[in-house]
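User: Could you take me through this model, starting with its overall make-up and then its cores?
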Amino acid sequence: MSRTHNGACVVLWIFSLVACKVPEVRVTCIFSMDCILPCSFTPTNGDVKIQWFQQKALIFSSEPAGQRFNHANMSLFSDSVSEGNASLLVKQVDKRSKGSYKCVVNNVTVTYVVASVEAPIRTVSIDISPSGLIQCSTKDVYPAPVVQWSTEPRLSHALHPITHMAPGGKSLFTVESILKQQNNSLDYIYVCNITSKYGTHTRTASLQLQEITGSEGKDLVIPCKAPKKLQSFSLVWTFMTANKTTDILTYDTQTHKSKSFWNNAELKEDNALKGDVSLTLENTVGLEHSGIYTCAFSGAETRHLIQSRVVITSARQEKGFVRYNLWMLGIVVGLIALLALTLVIKRYRAKSKRNQESAQEDAEMQSMNPDKTSEEPEAGNKLMTQPSASHS
């Protein structure tokens, strides 16, 4: 991978100053692999002297009589020097190989080369711990990459991952980024993007969580569909329980064939052609088949995991569950009845209290007007004893 830019130089040629443009070439070298620093010149019939400098220090020199100065890991393409090829082959580059180079032929600067060294991101892993922390990691990367997290659909608030990068053997970096699981994690897909410092490539890993309940002795389908943008992939179904992981089944889109390691596990190959690689378990057993199932897709630059927590309930557990629900229902009904009775008693007591207060008020009114109550009967008696006119 190279790009050419123009740089200015002044060359002394036949006792006169002549302005010329020296090309600048950018090269990305892969860590621990051989890398070619390009340089070409116009061949002549005379002797050729080739020199290479790195940050102004002479690192290679070839005189007409043969090589006079060079490092053990550097050489020319001697068979093509006469054709104008002065390119330098650097073997098994490391981070010391990066920097600015200058190719000089017969004391004339021909080419500037800017070399960067990169250990590309080859794989990215993503997983979730029992405590609910989602971890995205890679290793043997140089220089230190950029890690970004996101969710699908996108969250309204920002994520706050914790990322550690530490140089290990050969100064290559190991990267670990940890993100706390959201409260409603089953509604989201977690996406981790790791990009090289130079932006030449990105590797993506994503995780989707789901929970499934099955009944013992019955068939169970654990759903898993490939992301729409992932057309070519290899697939591995795994099962984990008691911190022990075993392979269940593999599938490859290139061969369109699956291989099962469990007698009761299969996927529908017709559906797999459409990206549906759901796992079918026959005659499930509670203790044997309860655990975490992972459907892992691996593409050229993408890794996608769907992790399913599966609980297989037995008939005894289901009966116990029904009894428990009936017991809880009885308690709830009893509480409601008790609450209703309490309200009735409170209303009765309130009504009785109001009747007592009314009777007491009436008694008080009577005691406040004693004359009126005594005169009324006397007046009535007089009317009853007075003789009539016709009688007299």
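Analyst: The overall make-up comes before the cores and a single residue. This is a predicted model, in which local features need pLDDT of at least 70, side-chain atom pairs count only at pLDDT 80 or more, and totals for chains, interfaces and linings use all residues. Residues are numbered from 1 along each chain as its sequence is written, and side-chain values use heavy atoms, leaving out hydrogens and water.
User: How many helices and strands are there?
Analyst: The protein has 4 helices and 25 strands (DSSP runs numbered from the N terminus: H or I of at least four residues, E of at least two).
User: And how much of it is buried?
Analyst: Of its 392 residues, 34% are buried, meaning under 20% relative accessible area with a 1.4 Å probe, protein chains only.
User: Which residues touch the most other members of the largest nonpolar core?
Analyst: They are Leu37, Ile50, Trp52, Leu88 and Val105, in a core of 31 residues. Such a core is a set of buried Ala, Val, Leu, Ile, Met, Phe, Trp, Tyr and Cys residues joined through side-chain atoms within 4.5 Å.
User: Which strand gives the most to this core?
Analyst: Strand β10 does, with 4 residues.
User: What is in the second core?
Analyst: That separate core has 26 residues, including Leu220, Ile222, Ala272 and Leu281.
User: Changing topic, is Thr238 buried or exposed?
Analyst: Thr238 is buried, at 16% relative accessible area, and lies in strand β19 (residues 234–241). Beyond four places in sequence, its contacts (heavy atoms within 4.5 Å) include Thr245, Ile248 and Tyr293.

Terms used. Buried means under 20% relative accessible area, exposed over 50%, partly exposed in between (1.4 Å probe, protein chains only).
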